[in-house]
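Visitor: Could you take me through one spot in this model up close, and then work outward from there? I'd like to see how the local picture connects to the rest.

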Amino acid sequence: MQGAKLRYEHLSKHYGSTIAVRDLSGDIRPGVVTGMLGPNGAGKSTALKCLLGLAAPTSGGALIDERPYAELDDPGRRIGTVLETRGFHPGVTGRQNLLVLTAAIGIDDSRVAQVLDIVELTEAADRRIKGYSLGMRQRLSLAAGLLADPDTLVLDEPGNGLDPHAIVWLRNLLKGLAAEGRTVLVSSHQLAEMQHTVDDVFIMDHGDLKAQGSMSEVCGGRSLEEAFLAITEGGRL
Amino acid sequence: MRTSLRAEVRKLRYQRSTYGILISACALAAVSSISLIATAQLPQQGGMFLNLTDEATMHLVMSSATAGYIFALVLGIVMSTTEFRHSTAVATYLAQPKRRTVMVAKMMIAAVMGVVVQLVSTTVGMLAGYIYVQRYDHFALAPDTYGRILAGSVLVGAVLAIVGVAVGSLIRSQMVAVVVSLLWLQLVEGLIIVFADWLGKWSMRSAITSVLDVAVRVRSPQATIDTTNGFGPWPSVALLLGYAALFAVAATVTSMRRDVE
């Protein structure tokens, strides 16, 4: 399987006078896990939203295989997403929420049972979402992201709410998917966990890209946390 | 488009609010027709018009069974605003990033649901009125009259459901969208019709009144209310379709320009 090539080209996004992302450029390659790392408010989520066509760039752009998300053939099938802002209807069961998605992206309903099994949510599948814990909602988000067996995964803070066992599971899953040739882009502010997960990094702070490259290039023998603090000059976390 | 249509159908099937809205529309339709019949039994003053042996009164009684159209509007609003209230719009637009396609699919399904809401609720309302009126002397309406009332009712249901989707997309807050819509339709336009009929006949409410044939003329020493000055049924149909098109275009253009949060 060959994942998509993701590219940011001088992307900037402003909300009124607030600059969420400033002149972000860089490539995300298939076959590795790329981490977009930085504290809350660094612009990571906004950069992902622009990539996925949910937010319009103020200038520049974000491309997937040289095309905007909206111009891809079957983007819902090709790109799996786990976004913090993605919601589920609380009055509807987990299974039904996923069945809405299978209809929306045009895949077989039988896939729902498979992904529920992968994220170990089968037993709770027929309960309404309002009774789910944060961790269960996050697992459901992961199930939604994996639903179409996509060649590219874009995940925003996927470890939020997961217990240590699930975080290890998630790490192995992401590494395994990348090893199959898929593109995996994950944003996070949990540097200690990302140290063990990502191969390439984008380090962002206050909307600016502070560093990018492979882990060894960016960290230079230091831990990711030490490198981050040095790069952002003791920036906030 | 087909996938978006299927997704919209599933959303409505799975959400309890769909069934709640349908039941509420039926209840309102039944209460409307029965309460008019009951009102006709009260001592009347000032040349009031409610006489069940009169054809116009019986027509009004059965036409009042169309009152559930408010819920077709609410259904459309809920279809849109639920997406933003629970942030499911993110998944919707990730699955189908062509926002025009999503909006068109939503409006198509809303129109069908508006027809269903009005078909079911008006039938229930007319049936309730028909059964209740049997205990009194009354004018027997011709069967095709019921058919015409039903036809007007489903048309209004379809149009208002589309308008509801558009309003919900423009305003996004469910509570605000519902309150603003109902206040506008029931209060503001109602006042415009009564106090400035030259302007009021262009209102949506006036067009609905004409299509549903529920205009009233009350003259009493206390007040005169006349809602019969609107356009005829066919121009009113055209006016309603114009409103639906206007709202649909405004909502679609706006949705294409706004970020999805």
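Let's start with one residue: how many other C-beta atoms does D23(A) have within 10 Å?

Guide: Sure, and keep in mind that this is a predicted model. D23(A) has 15 other C-beta atoms within 10 Å, and that makes it partly exposed. A residue needs 20 or more such atoms to count as buried and 12 or fewer to count as exposed, so 15 lands in between. The backbone is worth a look here too: phi of D23(A) is positive, about 50°, even though the residue is not a glycine. As for where to find it, D23(A) sits in strand β2 of chain A, which covers residues 18-28.

Now hop over to E157(A), another non-glycine residue with a positive phi, near 50°. E157(A) is buried, because 20 other C-beta atoms lie within 10 Å of it, while D23(A) is partly exposed with 15. E157(A) belongs to a loop, the one between β6 and α6 of chain A.

Follow the chain from that loop and you get to α6(A) itself, residues 164-179. With 16 residues at 1.5 Å a residue, this helix should span 22 Å, and its end C-alpha atoms are 23 Å apart, so the two agree. Its buried residues are L170(A), L174(A), L177(A) and A178(A). Looking down the helix axis, you'd see those buried residues fall within an arc of 100°, so they line one face of α6(A). The spacing fits a simple rule: an α-helix has 3.6 residues a turn, so positions three or four places apart point the same way. On the other side of α6(A), the exposed residues are P164(A), H165(A), N172(A), G176(A) and A179(A). And what do the buried ones lean on? They pack against three strands of chain A: β3 (33-37), β6 (152-156) and β7 (183-188). After the helix comes G181(A), with a positive phi near 100°.

Zoom out to the whole of chain A and you have nine helices and nine strands. A compact globule of 237 residues would have a radius of gyration near 18 Å, and chain A comes in at 17 Å, so it agrees with that rule. The C-alpha trace spans about 50 × 40 × 35 Å along its principal axes, and 48% of the residues of chain A count as buried. If you take contacts in chain A between residues at least 6 apart in sequence, 70% of them join residues at least 24 apart.

Chain A also has a partner: 28 of its residues are in contact with 25 residues of chain B. On the side of chain A that touches chain B, α2 (75-78) and α3 of chain A are the elements that give two or more residues. The largest share, seven residues, comes from α3(A). By type, that side of chain A has 18 nonpolar residues, nine polar and one charged.

Across in chain B, helix α1(B) has S4(B), A7(B), E8(B) and K11(B) buried. They fall within an arc of 100° around the axis, so they too line one face of their helix. That set packs against α3 (94-105) of chain A together with α6 (99-133) of chain B.

Last stop, the largest nonpolar core: it has 145 residues, and those with the most contacts inside it include A143(A) and L75(B). Leaving aside neighbours within four places in sequence, L75(B) touches several residues, among them I21(B), A110(B), M113(B) and V117(B).

Notes:
Residues numbered from 1 in each chain as written. Chains lettered and ligands numbered in written order. Predicted model: local features only at pLDDT ≥ 70, side-chain atom pairs only at ≥ 80, totals over all residues. Helix = DSSP H or I, 4+ residues; strand = E, 2+ residues; numbered from the N terminus. Arc of directions from axis to C-beta. Contact = placed C-beta atoms within 7 Å. Core = buried A, V, L, I, M, F, W, Y, C linked by C-beta atoms within 7 Å. Nonpolar A, V, L, I, M, F, W, Y, C, P; charged D, E, K, R; others polar. Rg over C-alpha atoms; globule rule 2.2 N^0.38 Å. Expected span 1.5 Å × (residues − 1).
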